[in-house]
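Subject: Structure handover

Hello,

Here is the structure you asked for, with my notes below it. Please look it over before reading on.

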Amino acid sequence: MTKTKQLMKNSYQILNSLTPDNGKFFFDLMSYLRTKGFLKNALSLELKINEIANDLKIADLEGLSAETFFGNQPKETAQEILKSLPNDKISHLFKTHFLLLISFLGTILFISSTYTYEMNGIDHYYISLLAVLIMTIYLILFTFIITSSIISHGVFNQKMRRRTPYLIWVVTMLGLIIPRLLHVFHLDIWRYEIPAYWQGTALKIIMTTIVVYVIQQFPIVEIFKTRNRF
């Protein structure tokens, strides 16, 4: 286990030992830092989160509230913390999220390769490179900008928190509709025929990659313990 993952595990363990109020404060603060800090150095980020976790553990033992330590403006506190952290190198970001990038490609292939046409009674499958390009841009915006923005704004805003699942669902549905619209308006150009079995292969790549990525990136047991607390 890398130092970053060990720090994440320690933070979740401390989180699950905190009082409900302090635990909620830390959970919201940690969620905001991670969603808004995806371009920051992962080790520096987790060191800071772990430091906050230990401070709150001390506060718990002394019967103090999280607000006593960090004030009653957690969003502003998180923003100041993020400003103090170094940005990560592009090469390291690529390495850290390599499996996620592969899942992007699998998703793009699966969604964009479902175009078919019939010739001599045989179904033929093709992939549109224009669709791939558009879906690549869309998925990057969705994952690294839209999702981050929606989640981070919903962390400290109860109204936004309730709307977040619906907003993410809408954006996801748009991503599924875009390739169909390209086909309807005959914009599925730059076509390359592919074997039919690629569809199933792409789906398997997606599911396997996402599962492996999640297992590698997060302390699953600790997250599972936390799932119903906040």
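How many helices and how many strands does the chain have? It has eleven helices and three strands. Please keep in mind that this is a predicted model.

Overall picture

From the N terminus onward, the elements come in the order α-α-α-α-α-α-α-β-β-α-α-β-α-α. The chain has 230 residues, of which 37% count as buried. Its exposed area is about 13,600 Å², and 66% of that comes from carbon and sulfur atoms. If we take the contacts between residues at least 6 apart in sequence, 77% of them join residues at least 24 apart.

I looked at three helix pairs, then at two loop residues.

α1 and α3

The axes of these two helices cross at roughly 25° and come within 9 Å. Angles under 35 degrees count as roughly parallel, so α1 is roughly parallel to α3. The crossing of α1 past α3 is left-handed.

On the α1 side the residues that meet α3 are K3, T4, L7, M8, N10, S11 and I14. On the α3 side they are A42, L43, E46, L47, I49, N50, A53, N54 and K57. Sorted by class, this contact has eight nonpolar, five polar and three charged residues.

Two residues of α1 are worth a separate entry.

- T4 lies in helix α1, which covers residues 3-15. Is T4 buried or exposed? With a relative accessible area of 19%, T4 is buried; the cut-off for buried is under 20%. Apart from residues up to four places away in sequence, T4 touches A42, L43 and E46.
- I14 is also a residue of helix α1. Its relative accessibility is 9%, so I14 counts as buried. When neighbours within four places in sequence are set aside, I14 is in contact with A53, N54 and K57. I14 and N50 are 36 residues apart along the chain, yet their C-alpha atoms are separated by 8.8 Å.

α2 and α3

α3 also packs against α2. Here the angle is about 170° and the axes are 11 Å apart. Which way do the two helices run relative to each other? Because angles over 145 degrees count as roughly antiparallel, α2 and α3 are roughly antiparallel to each other.

From α2, the contact takes in N22, F25, F26, L29, M30, L33 and R34. From α3, it takes in L45, E46, I49, I52, A53, L56 and D60. These residues divide into ten nonpolar, one polar and three charged. E46, I49 and A53 of α3 are listed in this contact, and they are listed in the contact with α1 too.

α2 and α5

Helix α2 (residues 20-36) also packs with helix α5 (residues 74-84), at an angle of about 40° and with the axes 10 Å apart. That angle makes α2 and α5 oblique to each other. The crossing of this pair is right-handed.

The contact is made by F25, L29, Y32, L33 and K36 from α2, together with P74, K75, A78, Q79, I81 and L82 from α5. Its make-up by class is eight nonpolar, one polar and two charged residues. Among the α2 residues here are F25, L29 and L33, which also appear in the contact of α2 with α3.

The loop between α9 and β3

The last two entries concern backbone angles. Most residues other than glycine have a negative phi. Which residues in this loop are worth a look on that count? H186 and W190 are both placed in the loop between α9 and β3.

- H186 is not a glycine, but its phi is positive, at about 60°. The loop that holds H186 runs between α9 (158-184) and β3 (191-194). H186 counts as exposed, at 62% relative accessibility.
- W190 is likewise not a glycine and has a positive phi of about 60°. Its relative accessible area is 49%, so W190 is partly exposed; the cut-off for exposed is over 50%.

A note on methods will follow separately.

Regards

Conventions:
Residues are numbered from 1 along each chain as its sequence is written. This is a predicted model: local features need pLDDT of at least 70, side-chain atom pairs count only at pLDDT 80 or more; totals for chains, interfaces and linings use all residues. Side-chain values use heavy atoms; hydrogens and water are left out. Helices (H or I, at least four residues) and strands (E, at least two) are DSSP runs, numbered from the N terminus. Buried means under 20% relative accessible area, exposed over 50%, partly exposed in between (1.4 Å probe, protein chains only). Contact means heavy atoms within 4.5 Å. Accessible areas come from the Shrake-Rupley method with a 1.4 Å probe; for residues, only the protein chains shown count as cover. Axes are lines fitted to C-alpha atoms, for helices over the stretch in contact, and angles run from 0 to 180 degrees between N-to-C directions. Angles under 35 degrees count as roughly parallel, over 145 as roughly antiparallel, 65 to 115 as roughly perpendicular and the rest as oblique. A crossing is left-handed if the near helix is turned anticlockwise from the far one by less than a right angle, and right-handed if clockwise. Ala, Val, Leu, Ile, Met, Phe, Trp, Tyr, Cys and Pro count as nonpolar, Asp, Glu, Lys and Arg as charged, and the others, Gly among them, as polar.
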